[in-house]
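This briefing addresses one molecular structure, shown below. The points that follow are grouped by topic for reference alongside the sequence and the coordinates.

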Amino acid sequence: PGHILVVQETVIPQELEVLGTVISKSLAQVSSQVPGRVAKVWVEAGSRVKAGDPLVSLAAAEYQARLSQAQAQRRKGDLPGATVSLERALRIEPKNPLLWLEMGRLRMDQRNYPQAENMARKALSMSVGDDSTQSAAWRLIAESLRARDRNPEAEEAMDRARALEPR
């Protein structure tokens, strides 16, 4: 008579001990486009990241200071200086719709009405669920359209702005 064997699943470890040096296939030099204090680190050392992934957030005080500076420059009529300050603020907080609105207002002062509309539309896309910012963006769009004698479209934009205002 034959033998009966019980078969069961198991893991057979395979280990190999060697001495050597591990060399990465690629290396990335990471730096900030603007100076500022790091407020939050979003990844851990050694984490796998891809282009566009946020690594750190800079302190809000930095972009807020740039925004305040730009607003003061704009009030004084220093539109080129205000542009530089806002561009720096946008490098710090590129997804801040309030900065895009301010850039749109600056473009209006520079009589660049199509760009003002584009900035407002960008703010609109980033402020979903924020009725106040959406209303301000629609108002800027209306102002830009009115400046180009596109009055029916401007009135539609104003209607959208009013519909978002608290009652």
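**The loop between α3 and α4**

Arginine 111 is located in the loop that joins α3 to α4. The model is predicted, and the description starts from this loop before turning to α3, its flanking residues and the nonpolar core.

- Arginine 111 has a positive phi, near 60 degrees, and is a residue other than glycine.
- Most residues other than glycine have a negative phi.
- With a relative accessibility of 64%, arginine 111 counts as exposed.
- In the chain, arginine 111 with its positive phi follows α3.
- Glutamine 110 also belongs to the loop between α3 and α4.
- Glutamine 110 counts as partly exposed, because its relative accessibility is 30%, between the limits of 20% and 50%.
- Apart from neighbours within four places in sequence, glutamine 110 is in contact with Leu79 and Thr83.
- A polar contact of 2.8 Å links the side chain of glutamine 110 to the side chain of arginine 107.
- Between glutamine 110 and arginine 37 there are 32 Å in space, C-alpha to C-alpha, and 73 residues in sequence.

**Helix α3: span and burial**

- Helix α3 has 13 residues, which at 1.5 Å a residue should span 18 Å; the end C-alpha atoms are 19 Å apart, in agreement with that expectation.
- Of the 13 residues of α3, 10 are buried, so the helix is largely enclosed by the rest of the structure.
- The buried set comprises Pro97, Leu99, Trp100, Leu101, Glu102, Met103, Gly104, Leu106, Arg107 and Met108.

**Arginine 107 within α3**

- Arginine 107 is part of helix α3.
- The relative accessible area of arginine 107 is 13%, so this residue is buried, the limit being under 20%.
- Not counting residues up to four places away in sequence, arginine 107 touches Thr83, Glu87, Asn112, Gln115, Ala116 and Met119.
- For one of these partners, methionine 119, the C-alpha atom is 8.5 Å from that of arginine 107, at a separation of 12 residues in sequence.
- Thr83 is in contact with arginine 107 and also with glutamine 110.

**The N-terminal end of α3**

- Asparagine 96 lies in the loop between α2 and α3.
- Asparagine 96 caps the N-terminal end of α3, with a side-chain oxygen 2.9 Å from the backbone nitrogen of leucine 98.
- This capping residue is buried, at a relative accessible area of 9%.
- Beyond its neighbours within four places in sequence, asparagine 96 is in contact with Tyr63 and Met126.

**Aromatic rings**

- The face of tryptophan 100 is covered by lysine 122, at 4.9 Å from the ring centre.
- Tryptophan 100 is also one of the buried residues of α3.
- The number of aromatic pairs in the structure is zero.

**The nonpolar core**

- The largest nonpolar core holds 31 residues, and those with the most contacts inside it are Leu86, Leu99, Met103, Leu106, Trp138, Ile141 and Ala157.
- At least two residues of this core come from each of α1 (60-75), α2 (79-92), α3 (97-109), α4 (113-126), α5 (131-147) and α6 (151-164).
- Alanine 157 is in contact with Trp138, Ile141, Ala142 and Leu145, leaving aside neighbours within four places in sequence.
- Leu99, Met103 and Leu106 are named among the core residues with the most contacts, and these three are also listed as buried residues of α3.

**Helix α5 and the loop that follows**

- Serine 144 is situated in helix α5.
- At a relative accessible area of 0%, serine 144 is buried.
- Serine 144 is in contact with Met108, Tyr113, Ala116 and Glu117, its neighbours within four places in sequence being left aside.
- Ala116 is in contact with serine 144 and is also touched by arginine 107.
- Aspartate 149 is placed in the loop between α5 and α6.
- Although aspartate 149 is not a glycine, its phi is positive, at about 60 degrees.
- Aspartate 149 is exposed, with a relative accessible area of 64%.

Terms used:
Residues numbered from 1 in each chain as written. Predicted model: local features only at pLDDT ≥ 70, side-chain atom pairs only at ≥ 80, totals over all residues. Heavy atoms only, no water. Core = buried A, V, L, I, M, F, W, Y, C linked by side-chain atoms within 4.5 Å. Buried < 20%, exposed > 50% of the residue type's maximum accessible area, 1.4 Å probe, protein only. Helix = DSSP H or I, 4+ residues; strand = E, 2+ residues; numbered from the N terminus. Contact = heavy atoms within 4.5 Å. Expected span 1.5 Å × (residues − 1). Polar contact = N/O pair within 3.5 Å; in protein donor to acceptor, adjacent residues only side chain to side chain. Phe/Tyr/Trp six-rings, centres within 6.5 Å; stacked < 30°, edge-to-face > 60°. Lys NZ or Arg CZ within 6 Å of the ring centre and 35° of its normal.
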